[in-house]
Amino acid sequence: MQTLIDTHAHLYSGKFDPDRSEMVQRAIDAGVSRMYLPNIDAGSIDAMLALEAAFPEHCFAMMGLHPGSVQPDTYEQELALVEKHLGERAWAGVGETGIDLYWDKSTLDIQKISFARQIEWAKDLQLPVIIHSRESNEECLELVSAGQDGRLRGIFHCFSGTLEQAMRMIDLGFMLGIGGTLTYSKSTLPEVLREVPLESIVLETDAPYLSPVPHRGKRNESAYVALVAEKLAEVKALTTEEIARATTRNALRMFGVEA
Ligand code: NI
C-alpha cells in the first residue's frame, strides 16, 4: 500500500469530538503514516497533546501561535507560553505562524512581530517553521528572506500564489504545502504546480477545513489526503504511487526524520 503524509491537520479540533479515534484510524488504514498537528493558541494545546499521546507513532505535535490568534491584549502572553513549551520538550515544528490579511488587517504589525519571533525560535531549535500566508505571500516572503541565515527551513502551508512566488519560496529553502484547494474547479494551482519541482511539494489536508472534491464543503479528514495525491498525479502526469513516494520523502526530509 502507498504511504502518504498529512503535513498539516488540526485533528484535535472539536469538529472531531464525536469520532476522533475512528477518523485517525481511517487515515492510518488508508496509508497515512504520519499526521502533523499545527497548534493554534493556548486553547488548543491540551487537545493537541492528548491526541498525540493517543497515537504517538502517527500524530506529531508542533508548537506555535496562529496569526488569527494574534490579538493586541494577549499576544505577548501567548508567545511567552509558546516559548515555554518549546523549551520543555521536542516538537516536530514551529507553527502554525505567518500572516493572515484575509480575516484581519488591523493586527498586521503584531502579526509580523509574532511571526518574526517564531522564525527565530525555529532557527535556534533547527525546526521547520509552518507558514500561513493567506493573502500575504509578499509580507511573509519579506520576513522569511530577512530571517534566512542558512538555518531556516519550512513549509508555506496551503500554498496559493504565482509561479514566481513559488520559486522564491523554494529558493529560500521552503516547500509548498498542497491540499484540497488543488481539486477546486477554479483553482489556478494546477498550472503553477506543473512547473514546480516535485521535490519541493508536500501534501496536507488542513482538516477539518478545505475538503477536496468530492467532499468540498463538508468536514475534511486526513484520509482525504489521498484525493490530493491523485489530483497532483494528474497535474504532474505521474502515477499516484510516484506522487506518494516523492511527497512522503520530501516530508520526512523537511521534518528531519530518517526514512
Ligand atoms: Ni492550519
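Which residues do ring pairs link into a cluster? They are Tyr36, Phe60 and Phe255. The model described here is a predicted one. Besides this cluster, the briefing covers a nickel ion held by His8, His10, Glu96 and Asp206 as protein donors, an open sheet of five strands and an open sheet of three strands.

**The nickel site**

- The nickel ion has four protein donors, namely NE2 of His8, NE2 of His10, an OE atom of Glu96 and an OD atom of Asp206, at 2.0 to 2.7 Å from the ion.
- The geometry of the site is irregular, since the angles among the four donor atoms run from 85 to 173 degrees. A tetrahedral site would need all angles to lie between 85 and 135 degrees.
- Along the chain, the donors are spaced as H-x1-H-x85-E-x109-D.
- Glu96 belongs to strand E4 (residues 94-98), while Asp206 sits in the loop between strand E8 (201-203) and helix H8 (225-236); the pair therefore ties together parts that are 110 residues apart in sequence.
- Glu96 and Asp206 are both buried.

**The five-stranded sheet**

- Five strands form an open sheet in the order E4-E5-E6-E7-E8, and their pairing is parallel.
- E4 and E8 are the edge strands, each of which pairs on one side only.
- From one strand to the next, the twist averages 30 degrees.
- Strand E4, which carries the nickel donor Glu96, has five of its five residues buried, so the strand is largely enclosed by the rest of the structure.
- Three bridges in the parallel sense pair E4 with strand E5 (residues 129-132). At this pairing, Gly98 stands opposite His132 of E5.
- E5 pairs in turn with E6, in the parallel sense, over four bridges. Here Ile130 is opposite Ile155 of E6.
- Strand E6 (residues 154-157) also pairs with strand E7 (residues 174-178), over three bridges in the parallel sense. Ile155 has Met175 of E7 as its bridge partner.
- In a regular strand, side chains alternate between the two faces of the sheet.
- Strand E6 is covered on both faces: Gly154 and Phe156 on one side, and Ile155 and His157 on the other, are all buried.

**The three-stranded sheet**

- A further open sheet has three strands in the order E1-E2-E3, again with parallel pairing.
- Its edge strands are E1 and strand E3 (59-61), each pairing on one side only.
- The twist in this sheet averages 20 degrees from one strand to the next.
- Strand E1 (residues 4-6) runs parallel to E2 and is joined to it by three bridges. Among the bridge partners are Leu4 with Val32 of E2 and Asp6 with Met35 of E2.
- Of the six residues of E2, five are buried, so this strand is largely enclosed by the rest of the structure.

**Aromatic pairs and charges over rings**

- The model contains four aromatic pairs.
- A pair of aromatic rings is described by the distance of the centres and the angle of the planes.
- One of the pairs is that of Tyr36 and Phe255, which is stacked, with 3.7 Å from centre to centre and 5 degrees between the planes. Planes under 30 degrees apart count as stacked.
- This pair links distant parts of the chain: Tyr36 is in strand E2 (residues 32-37), and Phe255 is in the segment after helix H9 (240-254), 219 residues apart.
- Both rings of the pair belong to buried residues, Tyr36 and Phe255.
- Elsewhere, two arginines sit over rings. Arg89 lies over the face of Trp91, 3.9 Å from the ring centre, and the charged end of Arg216 is placed over the ring of Tyr184, 3.6 Å from its centre.

**A contact from helix H1**

- Arg26 is found in helix H1 (residues 20-29).
- Is Arg26 buried or partly exposed? Arg26 has a relative accessible area of 37% and is therefore partly exposed.
- Although Arg26 and Ala223 are 197 residues apart along the chain, 6.3 Å separates their C-alpha atoms.

Terms used. Residues numbered from 1 in each chain as written. Predicted model: local features only at pLDDT ≥ 70, side-chain atom pairs only at ≥ 80, totals over all residues. Heavy atoms only, no water. Donors = N, O, S within 2.8 Å, 3.2 Å for Na, K, Ca; no water. Tetrahedral: all angles 85-135°; square planar, octahedral: opposite > 155°, others 65-115°. Helix = DSSP H or I, 4+ residues; strand = E, 2+ residues; numbered from the N terminus. Buried < 20%, exposed > 50% of the residue type's maximum accessible area, 1.4 Å probe, protein only. Phe/Tyr/Trp six-rings, centres within 6.5 Å; stacked < 30°, edge-to-face > 60°. Lys NZ or Arg CZ within 6 Å of the ring centre and 35° of its normal. Pairing = 2+ DSSP bridges. Axes fitted to C-alpha atoms, helices over the stretch in contact; angles between N-to-C directions.
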